Amino acid sequence: MAFERACALAEIPADEALAVTVGAYAVAIARDGEELFAVEDQCSHAAVALSEGEVEDCTVECWLHGSRFDLRTGKPIGLPATEPVATFPIELRGPEDQRDVYVDTESTLNGVTPA
Ligand code: FES
């Protein structure tokens, strides 16, 4: 496990993902209420940043053709994307009033190798 700091918790908007670079990868950090998720920041259909899409109901939408990806599993919910995107382990660290988000891009939660 190699967790690296991705951002401050306070930087993550409620309805959008935050684009960060962790290790060798572009990662989209998103939240659903109190739950946090880190997914590969590239649609599995074409080279579009998922962080530019809307976050809603624990999914992130690819703005180009509208596939939504489940933030928990990385799986697309609708066409045209058919392949999942990688999901990464995520952790909160630091004092209560100044939480930082850490992501490990050396392993994935869903077994998908990031592009
Ligand atoms: S590029 Fe994302 S659905 Fe087509």
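This passage walks through some strands, salt bridges and single residues of a predicted model.

Residues are numbered from 1 along each chain as its sequence is written, and side-chain values use heavy atoms, with hydrogens and water left out. As the model is predicted, local features need pLDDT of at least 70 and side-chain atom pairs count only at pLDDT 80 or more, while totals for chains, interfaces and linings use all residues.

Strands come up a lot below, and they are DSSP runs of E with at least two residues, numbered from the N terminus. Strand β2 covers residues 18-22, and its side chains take turns along the strand. Leu18, Val20 and Val22 point to one face and are buried, whereas Ala19 and Thr21 point to the other face and are not. Here buried means under 20% relative accessible area, exposed means over 50%, and partly exposed is anything in between (1.4 Å probe, protein chains only). That pattern fits a general rule: in a regular strand the side chains alternate between the two faces of the sheet.

What about the neighbours of β2? Two strands pair if DSSP finds at least two bridges between them. By that rule β2 pairs with β3 in the antiparallel sense, over 5 bridges. One of the matched positions is Leu18, whose bridge partner in β3 is Ile29. The two strands make a hairpin with 2 residues between them, and Gly23 in the turn has a positive phi of about 60°.

Moving along the chain, strand β3 (residues 25-32) is joined to β4 by 6 bridges, and this pair runs antiparallel too. Val27 stands opposite Glu40 in β4. Once again there is a hairpin: β3 and β4 have 2 residues between them, with Gly33 in the turn showing a positive phi of about 65°. Strand β4 also has a link to strand β8 (residues 87-88), in the form of 2 bridges with the strands antiparallel. In that pairing, Ala38 stands opposite Phe88 in β8. Strand β4 itself (residues 35-40) has 5 of its 6 residues buried, so it is largely enclosed by the rest of the structure.

Another piece of the model is an open sheet of 3 strands, in the order β5-β6-β7 with antiparallel pairing. Its edge strands are β5 (55-56) and β7 (68-70), each of which pairs on one side only. Between β5 and β6 there are 2 bridges, and these strands run antiparallel. Glu56 stands opposite Thr59 in β6.

Thr59 is worth a visit of its own. This residue sits in strand β6 (residues 59-61) and counts as buried because its relative accessibility is 6%. Its side chain reaches the backbone oxygen of Glu56 at 2.6 Å. That counts as a polar contact, a pair of N or O atoms within 3.5 Å; within protein, one must be able to donate a hydrogen and the other to accept it, and residues adjacent in sequence count only if both atoms are side-chain atoms. Leaving aside residues up to four places away in sequence, Thr59 touches Glu54, Arg68, Phe69, Asp70, Leu71 and Ile77, where contact means heavy atoms within 4.5 Å.

Next come the salt bridges, each being a side-chain nitrogen of Lys or Arg within 4 Å of a carboxyl oxygen of Asp or Glu. The count by this rule is 4 salt bridges. One of them joins Arg5 to Asp100, with the closest N and O atoms 3.1 Å apart. This pair ties distant parts of the chain together, since Arg5 belongs to strand β1 (residues 3-8) and Asp100 to strand β10, 95 residues apart. Arg5 is partly exposed at 43% relative accessible area, whereas Asp100 counts as buried at 19% relative accessibility.

Glu35 and Arg72 also meet through their side chains in a salt bridge (2.9 Å, N to O). Distant parts of the chain are linked here as well: Glu35 is in strand β4 and Arg72 in the loop between β7 and β8, 37 residues apart. Glu35 is partly exposed at 38% relative accessibility, and Arg72 is partly exposed at 45%. In a further salt bridge, the side chains of Glu61 and Arg68 meet at 3.7 Å, N to O. Glu61 counts as partly exposed at 25% relative accessibility, while Arg68 is buried, with a relative accessible area of 17%.

Finally, there is Glu96, found in the loop between β9 (90-93) and β10 (100-104). At 69% relative accessibility, this residue counts as exposed.

Terms used. Helices (H or I, at least four residues) and strands (E, at least two) are DSSP runs, numbered from the N terminus.
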